[in-house]
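Please consider the structure shown below. The paragraphs after it follow the strands and helices step by step.

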Amino acid sequence: MSTDRIQLQSQGIKRVLKRYKLYDAAAEYIWNSFDAQATKTEVIFERNILGAIEKITVRDNGFGIDLEELPEKFRPIFLSKKYSSDKNNTSKYHGKNGIGRLTFFTFASHAEWITVYRRNGKHFRYSIDIDAEQLEIYTVSKRELTEAQPGTTVVFTNISPKFSAEDFISYLETEFSWYIELKSLQGCGLYIDNMLFDCKEVIAEKSIHEYSYNGINFTVIFCRWRKKLNKEFSKFYYIDSFGEEVFKENTTLNNKSDDFFHSVYIKSSLFDQFYFDAEPNQLTLESYTKSSPEFKFIKNEVEKLLIEKRAPFVKQNTEKLLTELRINKAYPPLGHSPEDESRRGRLDNLISALYYAEPRIFTKLSILQQKLLVRMLDNTLENGRLEQLIDIIAGIVELTPSEKRELEKLL
C-alpha cells in the first residue's frame, strides 16, 4: 500500500471545484464510467432503517484505471488530457478526469475505487482511497492478479443528509437522457437500483423515420424533451452503421427560446467514411462530405421534419401567448366593428408570425413591456413601417443575418 499527493491542498482543491453542486458532482462518476467505454453502468443506493442514504455505489464494466496511469488520472487538477483534446464536436468525453474524481466531497466524506484493468493480456485489481478532509492524499493498495473482468466500482460513504435519491434521479433525466438515447444504439445502458434508466419521464415525443437516397439508407430518431437539457443544446448526432457517433452539431432550431427542446439522431453507412472537416463545396473521392448530394438530401429531409414537429408545438404556445396578451390588456382598445376586428386579426397574425420566427422577442416581458411592444406592432401595421420594425427587433434580440432574412420572409 502506498500514498501519493495531488498538487493542491484539500482546501485549494475545494476552491477549484466549488462550482460543482451536489448532483452535478455525483453525476461526474457516471460520466467517468461512460468515458471508460462502459456498456453497463449501475448506481445503487443503500439506505438505513429510517430511509436515509448511507452508501452510494457506482459500478461499470469499462476499461478500469491502469495503475501506471494513475498519477495522470488523479494529479492533474486543472487540466484533463482527454477533456482538453476534445474539440466538442462529438460526445466522446465528458468526465473531467482528475477533477471529476474529487467532487465527491460535496455529497460524501469518503470514496473508495476498486478497479480492474487489463495490461499485457493479464487482469490486475487494486483499490484507491480518498478522504474528503484530505483530498490531496490518496492511498493505493498493492495490485494483484485477478480473473475478474475489467471495470471500476466506486463506493461513497457517510452521505450528506441533503442528498436525495429522488432528486438525483430527476437531475439525471436532464443530464443523461440525450446521451443514453445516443448510446442505446450501441447497446449501452444506465441502471438505477437494478432498474434500467429509460428516460420515459423526460421524453415528450419520440419517432423513428426511414429515408433512402442513391442506395444509401438513413434511420432518423427524433426526440422532444419535456425539460431543458442540463448542458447539451438541441443537436444533430451523426452515427455510423456500427452505432458510433462520429460528429454532432447544433440544430437550426436550437436557440429559439420556445421550449422546443429536441435531439435528432441520424444513423447511416454514409457516415462510415465521412469528412466533416472538408471545406464548403469540397468533394473527395475517398469519403463523403457535407457537399455530397446524399448529405444534402438527408439534411433537407430532417430540416423539414423539425419544422413539421415544431409547428403544432408553436401553434399551441402562440395561442397561449395571444390569450396572455389579451388578459394583460396589451392590445390597444378595440371594439367589434368590422374595421377593429380586421385590425385585431392583422395584429394577431403579425404577433403569431413573429413568435414563430423568434419566440425570444416575447420571452420574459413584463406586462408594461408587452403593452409597449404590441402597441408598437399595431402602429407599424397602421403606418406600414415593417422594415424599420424588423431592424428594431433584430437589434433587441441580436438576430443573425440569416435569422433576420427568415423573419423578413415570414412578415
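Strand 2 and strand 3 form a hairpin with five residues between them, and G51 in the turn has a positive phi of about 90°. Helices (H or I, at least four residues) and strands (E, at least two) are DSSP runs, numbered from the N terminus. The model is predicted, so local features need pLDDT of at least 70 and side-chain atom pairs count only at pLDDT 80 or more, while totals for chains, interfaces and linings use all residues. Residues are numbered from 1 along each chain as its sequence is written, and side-chain values use heavy atoms, with hydrogens and water left out.

Strands of a sheet pair through backbone hydrogen bonds, either parallel or antiparallel. Two strands count as paired if DSSP finds at least two bridges between them. Strand 2 (residues 40-47) pairs with strand 3 (residues 53-60) in the antiparallel sense over seven bridges, and E42 stands opposite R59 in strand 3. Strand 3 also pairs in the antiparallel sense with strand 8 (residues 151-159), over six bridges; there, V154 is the bridge partner of V58.

An open sheet of five strands follows the order 11-12-15-13-14, with mixed pairing. Strand 11 (203-213) and strand 14 (245-250) stand at the edges with a single partner strand each, so one side of each is left without a neighbour in the sheet. Within this sheet, strand 13 (residues 235-239) and strand 15 (residues 261-268) pair in the parallel sense over five bridges, and I239 has K267 in strand 15 as its bridge partner.

Helix 6 (residues 293-327) packs on the sheet, touching strands 11, 12, 13, 14 and 15, where contact means heavy atoms within 4.5 Å.

Conventions:
Axes are lines fitted to C-alpha atoms, for helices over the stretch in contact, and angles run from 0 to 180 degrees between N-to-C directions.
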